[in-house]
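Visitor: I'm new to protein models and would like to learn how to read one. Could you walk me through a few features?

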Amino acid sequence: MAILKEHDLGTGESTSETIVHVEIDGIGINVAAGTSVMRAAALGGIDVPKLCATDRLKAFGSCRLCLVEIKGVRGTPASCTTPVTDGMRIFTQTPRLEKLRRAVMELYISDHPLDCLTCAANGDCELQDMAGTVGLRDVRYGYAGENHLDSSVDESNPYFSFDPSKCIVCSRCVRACEETQGTFALTIAGRGFGSRVATDGKSFFDSECVSCGACVQACPTATLEEKSVISLGVPSRSVITTCGYCGVGCSFKAELRGDEVVRMVPFKDGGANEGHSCVKGRFAWGYATHKDRVLNPMIREAFTDPWREVSWNEAISYAAMRLKDIQGRHGVASIGAITSSRCTDEEVYTVQKMVRTAFGNNNTDTCARVCHSPTGYGLSQAFGTSAGTQDFRSVDYADVILLIGANPTDAHPVFASRMKRRIRNGAKLIVADPRRIDLVRTPHVKAAHHLQMHPGTNVALMNALAHVVVTEGLVNEPFVAERCETESFTIWAEFVARPGNSPETLAPITGVPAEEVRAAARLYASGPNSAIYYGLGVTEHSQGSTMVMALANLAMATGNLGRDGVGVNPLRGQNNVQGSCDMGSFPHEFPGYRHVSDNAVRAIFEQEWGRTLDSEPGLRIPNMFDAAVDGDFKGLFVQGEDIAQSDPNSKHVAAALSSLELLVVQDLFINQTAAFAHVFLPGTSFLEKDGTFINAERRINRVRPAIRARSGKHEWQAVCELATAMGYPMHYDSSSQILDEIARTTPTFSGVSFELLDKVGSVQWPCNEKAPLGTPVMHVGTFVRGKGYFAETPFVGTPERANRRFPLILTTGRILSQYNVGVQTRRTENLRWHDEDVLDIHPFDAEERGISDGSLVAVTSRVGRTSLHVHITDRVPQGVVYTTFHFPGDATNMVTTEYSDWATNCPEYKVTAVEVSPKSAKETNSDADYARNFGHSESLMADSIVRMANQLADIFGYLGEKEGATRIENHIRKFWSPAMRDELVKVAARDRALLAPMSIVAAGKVASL
Amino acid sequence: MATVFVSMDSSARSVGADDVADAIRRAAEVRDLSVTIVRNGSRGMLWLEPLVEVETERGRVAYGPVTIQDVETLVDEGLFVGADHRLSLGSTEEIPWLARQTRYSFELVGLIDPLSPEDYEAHGGLSGLRKAITMQPAEIVELVTESGLRGRGGAGFPTGIKWETVLAAPTEDVKFVCANADEGDSGTFADRMLMEGNPFGLIEGMVIAGLATGATEGFVYVRSEYPDAIATMRTAIGVAHLRGWLGLNILGSHERFELSVRVGAGSYICGEETAMLESLEGRRGMVRAKPPLPAHAGLFERPTVINNVLTLASVPRIVADGPSVYRSFGVGRSRGTQVFQIGGNVARGGVVELPFGVTLGTLVNDFGGGTRSGRPIRAVQVGGPLGAYLPVAAFDVPMDYESFAAIDAMVGHGGVVVFDETVDMARQARFAMEFCAEESCGKCTPCRVGAVRGVEVIDRIIAGDHREANLVLLEDLCDLMASGSLCAMGSLTPMPVRSALTHFGNDFHRLPAALRSDASEPRSR
C-alpha cells in the first residue's frame, strides 16, 4: 500500500441542511449553505492553494494564498473564510490570482531556509508543494533582508523537534493545541514580523504541552517534525490500524518505510478519534522493537530454573503434555486461562474456546475482572446490555456532563479533548471525585460542581443525588412510565426518597455538602441532555456493581437515555476491554454474554465446536488464586496480562502463582508474572496483530498488521496449536475466519466481518440484520431488556476503613504518560515525564508526619508495604493519598487488599487504609520477595468464600432473611463455580459461626440442589 | 462672582493649563475675589491653549494663549469682568475660526463642565435619550438610517444599517455596544477631546444604540495613551449610574444598559474592530477574518455594535433633532458633519467640524493658516498614517467619502497632517511601511512579511540600488498588500506609498544618499 495522503478540504463541514448551487471555474456543484468556497471547490475537485487552512481547524484566513475572485464581489476574498451563497460564480484560477499567489509565496520564501533537499520534510511539505503549485520562480526580495533563519531549534521533546527558522507563522499548531487538544500550551508571542510560536517562555518539554502531537500533525512545514522522520526519512507506505493503548480506540495510519514504522499518525476518518491522538498512541510505540522483546519460545522445569529457548513445536507440546498431565492427576477443573484485554477479539475468542473445548471446563476469566466487570453486571441488570450506551460523538450534544471516578485528561486523553471542546462550547460539568482532577479547573474549563466525596462512599452520594431528583419532582415521569418497569421504579423511588438518603443525612458520610449535592442533582436533571461518564473510580469498589446500577437509575429516572447527548458511558481502561468481555472470556458466559447454563446457547456452540460443553460456571481470577494456594488449581495459561503486578494483594498473587505446577505466559516481555512461568510463548505487538479491537463505545475497529509477527506466530495460531496438541483440533486459515465464527454464533455480531470493516471503517455492535451498519446509540425507543430495571441500591460501607493504625485512605489511578502496568510505556521515552510511581499526599497529612516533598516514605496497609517518593499537593484532600501502579519496583499492589465488588469480585483498588511514614532507603520489592514474604494459611478458598458470602449478606440484608437468602442463592448459582458452592456448603456445616445467618440459609438452599 | 473657564483637555494641560488655572485661583484669593473656575473641555483652537474664558453679560470672552506669567496682569486688568487685554480674543463664539464651523457632535465640547450632569442637561443633554426611550427599537434605527450618519472611524459604513443588522440578529442572552476609542491614527485626537470634553454625550449615544439594537452591555475601549480620557469616562459612567442614566432602570423605565471602560495595551491594531474584540475578550490583539461580521458574532460571539466615538456621540442630537437636520448637512452620500483634526506643520492646529464637502485647501489654508514654518505647503496626509499624501493640486477636491475615493485617498477619521516643502516623500513612503511593520498584528502574510520587505525595497530605491526593478517590485508588493491583506491595516498601507509615488515621484529618483550631502540616517529598529 502506498502512503495514504488524506484529502484536506481546507475547512470543516457545514451543518446546514439547505443546499445551494454554485459555479466554480465553470463547474456547477451543490453544497450545504455555509460551506466555505474553499471546501466547495475541493468537493468539486478543485484544490485552491492554501497553507493556513486545514479541515481539522476553524478557518483562520491568514496565509492569503487561497484568494479567489467572485462575480459581483469586490476584490479577492479568501476562499477559506468566505461562505458560498446560492448562485455564486467563483473563479479560482485567473491571471490576477496567479500573480497575487506568487507574490505571497515570494514573501514566504524570502524568510525561509533554502535547504529543501536536505530538509526532513522534503516531499512532505505543504510550503514546498505550494511553491510549486503557484509557479514561484524567483524571490526578488533576495535573502539578505530581515529573517528568522538563525533561530535555534528546540529539541527538548523526546519525540519531535521545533525549528522556528522554518516556521511560516500559520498558527496551525497554536490552533490545534487550542481547538483539537484543548491544552492551550502554545501561543503566538510578539507582533508583526516578530510574531513567533511560543510556549510561554519555556522549552516544549517544560511547558504545558502534553505531547499529543496535534501541533506536529498540523504543521505544514518541517518546523514541528517527528524526530523519527528526521532520523529515518519520509515514510512511503501507510497501514490503517488501531492503537493498542486505552479504550478510546484511536485509528492510526502506521506510516512505514519498508518494514520499519516511521511514525504513527492519527487517522482523520477514525470513528473514535477523528484525527486526534495522545502522547501514547502517537509516539510511545517504540516498545514494539525494544530489545527486551522476547521473540522465541522458552521453557523450564521450575520457575527457579533458567529459561531455555526452544522451538514453537517443543514449547507447545511441552505445555500440552504438562497441562494434560495435571488434569489427569488433579481433575478437569484444575487448569484454566486468563485472556487479555490488550489482545484482539480473535485472540481472546480462541483462548476461551480452548478452555471450553480442549480444557473441558469454564475456567476462563479476563483482566476486565479487575476493572470493568461491574459495568457489565450493572448495565446488563438495568438495560439488558453489558456495554456503554453511546458513541463518543454523542458528547457533542450533551448539555450537562456528570463525570464520576474518571480522569479522562490522563487516562482517556483523546476523548477528554472532545469533552473539553464541548464544555468550552457551553456544556456544564459536574465532577465527582475525591481528587481535584485536571478537569475541575483547566484552561477554559471549569466544573460547575466538584463533589469531593470520601473514597468508598460513591453509592451514598448517588443515593443522595437520586433523593433530590425524586423528592424535588425532577423525575421524567413520561420517560419512566413509557420506558421503565413501574414496579421496580416505585420501589426504588420509595427507597431513595427516605430521609436516610437525603443529602443532609448523608453529608457526614460522603463529606459532600448537601447544598452542593442538591445543586448538582438539579443541574443534572435539568439537562436537557445529561450524560454520565465514568471510570474505574466507580467500578473498583466493594459496591462497584451497585454503583453502576445507581448511575443507570439516575439516568433512567431523568430520561437521559436513548438519544444523542445522554447515556451511561463507561470509559474503558484498555484497548479491548469491551471486546474481551464480548468474546466470552468470563467463566459464566459464552460470547455475547449468554450464560453457560442456557441449553439453547450451549447447543449453538456444541454444534459449532463439536464438543459437549460444561454447563457450570468456572473460576474467576481471584478464586483461581485461592484454589491454587489451596492446591486445587494447578495449571494456568495467561495471555498478555501481568497479573503479578496488576492484581491486588501482590503477596497473595505471588503465592498462588508459585503454587502452580504449570504457568504458561504469552507476552511480549518477561513481565512480573513470567517470573513464575514454566512456558513462555512470545506474543505480538499491536503493530503485528491482525484482527479487531472493540473500544468503549462498542466500536469494532480493524487492527491490521503494519509489520510481520516478529515472533513468527500470532497468538491465535499458538493457541490453536496448543488446543490441538491437547487433543482438540482447532485451526483457522486466517483471523478473518475467527471473526466469521464469532458472527455465526453471536447475534450481536452477526453482521460483522473483515470485509464489512474494510469497507465502512468501523461499526458499533449490535451489528446484524436489524442494524447492518451497527448501532451508535443504544436503547433508542426501548431497552434491550424491554423495560428499564431500577435496582435498589442501599449503601453498604466497605469494611476497609481508616482507623488508628491505618488512618489514611490510598486510592490509585493513572497518569498521562504511562499506561497500566507500564510494560509498554516504561520501554519508551515516556519515562522522561514519569519514571516512578509517586505518592500524592495533602500538605497537612505530610506535615503531621514530618514528611517533606520528594522524600521517601513507607506506605503500609494491613496486607503489605511498599515505599514511594511523595509529592505534597492539595489535589488530594486531607486523609487521602494517591498513587499510580505503573512501575513494578514501586509495587503499589503490595498494599491493596483482597476486598472486592460483591457481585463481580472486581478488586477494591480505590480504597485501602494505609499509614505513611518517613523512610530513609528505598526497598525494592523484587519478585522473589513476593514468594518469600508470603505465609500460607489453611484454606484460602474457604476464607474467601466466607468473606464473599458475608458480603452478599450485607448487600442483600435490606431485603430480610428470606428474600435475601433467595437473592444470594440465585447469585451464587449464576456466578460461582461448583467447587466454590461446595466450599460454602462445607463451611456452613463445619463452622456456622463464621457465616451470617442469611448466608447459612442460602448455603442450605444450594446444598439441597 | 466670576466664572472662569480653563480647559482640562490634555492638549491644554500639556501647555500649562493646570498651572494657569492654579495661578488664577491664587490671584483671586490674594485679591479676595470670589471666582469659580470651571475646567471645561477644549474649544479645539489648540494654538490658543491655554485658553481662558470668562462668563460675561456678552457671553463668554476669551484670552489666549495664557501663560502663568500673564495671569497677574490679566487679573489686574479685569479678567473677571471680561476687560480688554493684550491676549483678549473677544467673544469666544465670534472668533472666526470657531464661528465658521458647524459644531454638531462637538457642540458641547468646551462649552460645558464635562463631569457636571446638571450642566449637560442644561445644555440640552439627555433630550435624545428621553426621546429614544419612548420609541420602538426599529424606529430609532430608522431615524439614524434616515439621518445618513456613517461610521466616523474611517470606513464610513452606514450606522443605521449596522444597527439594523444587530437588532435583527438573534441571541440567547446578550448583545453588546462597543465604542472604539482606540484612536491610534497619528494626527487625530477628536475622540480623545470628545471623551474629555463631553463624556456624557458618548454615554448617551451608547445607551441609545443599546435601546435601538437590544444590546444591554457596553464597553468603551480606550487606548492606554489616553489616561485623562480614561479617568473622565470612568467618572462620568459612575455619575451616570447614580443619575439613573445607566443601569437597570434607565430614566425610570424598564430598559437597562451596563457600561464600562476597557483600556488597551499599546497596540495600534486594536483599533481595528475585530482585533479590538479579541483584546476586549482578554486575548492578544489579532485581527479576525470576516465573516462573521461583528454585528452577527462579535464580542464573545454575540451580536455587537461597534462604532467610533464620534459616531456614537453624534447620535443623541440626531435623535433629538430628528433625522432631517443632520441630513441637511453634507454633500452626495456623505451626510452630516465631519470633525477634522488639523495638525502637523500648521500655523493653527485644532478641531474643525464642518459639513462634508469643504475643500482641503479651505481647511489647511483658511483654518490652518498655512505652515507653522512659513514655508510653502508641499503635501497633506489626510485620514491618518494609512491615508494618502495629497499635493496642493488636490486642494480643491471636496472632502467627502466619494470624492476622496475617486482620487485614491480617504477622509478616514478626519486627520489632516500638513508638511512643508522640506519633506522627503520617499522617506514618508518608507515610514508608511515601517509603521505597518511596527504595528502589524502578524497574522496575515502580506502585512507581516510584506511591510518589512516594503521598508527594505524602499531603502534600496532610495539608495539607488536597482531602482527601476525595485520600483516594479514595490508596486507588486503594494498590489498584494492592497488586495491580499486580511484587514485595513495591510490593505491601506499602500495608499500613502502609492500616493507618494504618484504625486511626488521625483523624490524616488533623487541622487542616492551616498552621493548627497544630506545623507539619510540608516534605518534603525
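Guide: We'll go through sheets, the contact between chains, a cavity and some backbone details. Keep in mind that this is a predicted model.

Visitor: Let's begin with sheets. What holds the strands of a sheet together?

Guide: Strands of a sheet pair through backbone hydrogen bonds, and the pairing is either parallel or antiparallel. Chain B has an open sheet of four strands with parallel pairing, in the order β8-β7-β6-β9.

Visitor: Which strands stand at the edges of that sheet, and what does that leave them without?

Guide: Those are β8 (258–263) and β9 (304–308) of chain B. Each has a single partner strand, so one side of each has no neighbour in the sheet. If you ignore direction, neighbouring strands here are turned by 20° against each other on average.

Visitor: How many bridges join β7 to β8 in chain B?

Guide: Six bridges join β7(B), residues 217–222, to β8(B), and the two run parallel. You can look for one spot along this pair: Y221(B) stands opposite R262(B), which belongs to β8(B).

Visitor: Where can I see antiparallel pairing?

Guide: Go to chain A, where an open sheet of three strands has the order β9-β10-β11 with antiparallel pairing. The edge strands are β9 (237–242) and β11 (260–266) of chain A, each pairing on one side only. Leaving direction aside, the average turn between neighbouring strands of this sheet is 30°.

Visitor: And which residue is the bridge partner of L256(A)?

Guide: That's V261(A), in β11(A). Strand β10(A), residues 251–257, is joined to β11(A) by six bridges, and these strands run antiparallel.

Visitor: Now the two chains. How do people describe the size of an interface?

Guide: The size is often given as the accessible area lost when the parts come together. In this model, chain B and chain A bury about 2800 Å² between them, with 52% of it on carbon and sulfur atoms. Three residues, R448(B), R453(B) and L480(B), supply 21% of the area that chain B buries against chain A, more than any other three residues.

Visitor: How many residues does each chain bring to the contact?

Guide: Chain B brings 37 residues and chain A brings 32 residues.

Visitor: What about holes inside the protein: how many cavities of 30 Å³ or more are there?

Guide: The count comes to 15 cavities of that size. The largest cavity has a volume of about 580 Å³. Its lining is made up of 39 residues, and L536(A), E540(A), T812(A), G813(A) and K910(A) lie nearest the centre.

Visitor: Which elements give two or more residues to that lining?

Guide: They are α11 (408–411), α18 (536–539) and β31 (808–813), in chain A. The one that gives the most is β31(A), with three residues. Sorted by class, the lining of the largest cavity has 14 nonpolar, 16 polar and nine charged residues.

Visitor: Let's turn to the backbone. Where should I look for a cis peptide bond?

Guide: Try the bond from W765(A) to P766(A), which is cis with omega near 0°. P766(A) sits in the loop between β30 and β31 of chain A. Another cis bond runs from G64(B) to P65(B), with omega near -10°. In chain B, P65(B) lies in the loop between β4 (59–63) and α3 (68–76).

Visitor: Which residues does P772(A) touch?

Guide: Not counting residues up to four places away in sequence, P772(A) touches L756(A) and C767(A). P772(A) is placed in the loop between β30 (762–764) and β31 of chain A.

Visitor: One more: what is the sign of phi at D200(A)?

Guide: Phi is positive there, about 55°, although D200(A) is not a glycine. You'll find D200(A) in the loop between β7 (196–198) and α5 (214–218) of chain A.

Technical notes: Residues are numbered from 1 along each chain as its sequence is written. Chains are lettered from A and ligands numbered from 1 in the order in which they are written. This is a predicted model: local features need pLDDT of at least 70, side-chain atom pairs count only at pLDDT 80 or more; totals for chains, interfaces and linings use all residues. Side-chain values use heavy atoms; hydrogens and water are left out. On a 1 Å grid over the protein atoms alone, a cavity is a set of points where a 1.4 Å probe fits but cannot get out, and a pocket is an open set with protein on both sides within 12 Å along at least five of seven lines; lining residues have an atom within 4 Å of a point. Grid points are joined across faces, edges and corners, and a volume is the space filled by probe spheres set on the points. Ala, Val, Leu, Ile, Met, Phe, Trp, Tyr, Cys and Pro count as nonpolar, Asp, Glu, Lys and Arg as charged, and the others, Gly among them, as polar. Contact means heavy atoms within 4.5 Å. Two strands pair if DSSP finds at least two bridges between them. Axes are lines fitted to C-alpha atoms, for helices over the stretch in contact, and angles run from 0 to 180 degrees between N-to-C directions. Buried area is the accessible area (1.4 Å probe) that two parts lose on being put together, summed over both.
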